[in-house]
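Colleague: Could you take me on a close look at one part of this model, and show me how that part sits among its neighbours?

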Amino acid sequence: MSQQSHIEHQHWMSVAFALAQKAADEGEIPVGAIVVKDNQIIGQGWNQSIQLHDPSAHAEMNAIRQAGQYLQNYRLPGATLYVTLEPCSMCAGMLVHSRIEHLVYGAADAKTGSAGSIMNLLNHEQLNHKVEVTSGVMAEQCSAMLSAFFRQRRQQKKQQRQNSQADT
């Protein structure tokens with residue numbers, strides 16, 4: 001990766017990271033995403049599955065939906081998706097169907113990551129579209145945010161259990 005593209009990836013990932021913080025502030029799993037085309041943000045999103053009661057309201061889905069509306073097209077050739085966590089299979093499938101050209105993600109997801117961790121749906125030999133993938137941009141910061149969120153959530157659940165036991 002050239003120094004220029006590394007700086008560019010860092011810049012755009014920092015925008016997605018700020019959206020991940022917004023998700024955390026709303027009690028959602030902290031994942032943020034933006035779609036960039038021609039050096040302009042055309043879509044952005046953060047996880048909203050809990051508040052929208054919608055299992056498909058992942059950051060990537062929300063950002064790509066907004067980008068499609070912006071371009072008035074369900075295809076996004078020449079666009080890059082920046083997301084703080086490696087996409088799951090649902091989101092990876094949408095990247096293929098939307099014809100996203102390039103995916104840049106932060107933290108790998110060893111449990112559901114479908115851009116290389118548990119499978120690579122984005123470059124499956126039988127699919128008609130392949131997505132260029134760049135991984136690990138701001139990985140430490142993205143991983144740390146996710147870890148802190150889940151640590152806090154576990155502590156809250158532990159406290160709730162202790163409180164309910166004290167009430168009985």
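Modeller: Happy to; here is a walk around strand S3 and the elements beside it.

First, some ground rules. This is a predicted model, so to speak of local features a pLDDT of at least 70 is needed, side-chain atom pairs count only at pLDDT 80 or more, and totals for chains, interfaces and linings use all residues. Residues are numbered from 1 along each chain as its sequence is written, and side-chain values use heavy atoms, with hydrogens and water left out.

Strand S3 covers residues 80-85; helices (H or I, at least four residues) and strands (E, at least two) are DSSP runs, numbered from the N terminus. Of its 6 residues, 6 are buried, where buried means under 20% relative accessible area, exposed over 50% and partly exposed in between (1.4 Å probe, protein chains only).

S3 belongs to an open sheet of 5 strands in the order S2-S1-S3-S4-S5, with mixed pairing; two strands pair if DSSP finds at least two bridges between them. Strand S2 (40-46) and strand S5 (132-134) are at the edges with a single partner strand each, so one side of each has no neighbour in the sheet. From one strand to the next, the twist averages 20°.

On one side, S3 runs antiparallel to strand S1 (residues 32-37), joined by 4 bridges, and Leu-81 in S3 is the bridge partner of Val-35. S1 in turn pairs with S2 in the antiparallel sense over 6 bridges, with Lys-37 opposite Gln-40 in S2. Helix H3 packs on the sheet, touching S1, S2 and S3, and its direction makes about 145° with that of S2. Contact here means heavy atoms within 4.5 Å; axes are lines fitted to C-alpha atoms, for helices over the stretch in contact, and angles run from 0 to 180 degrees between N-to-C directions.

S3 also runs parallel to strand S4 (residues 102-107), with 5 bridges between them, and Val-83 stands opposite Tyr-105 in S4. The chain gets from S3 to S4 through helix H4 (residues 89-98), and this β-α-β crossover is right-handed: with the strands pointing away from the viewer, the path from the first strand over the helix to the second runs clockwise.

H4 is mostly covered too, with 7 of its 10 residues buried. Among them are Cys-91, Met-94, Leu-95 and Val-96, and the buried residues of H4 pack against helix H3 (59-71), S3 and S4. After H4 comes Arg-99, which has a positive phi, near 65°.
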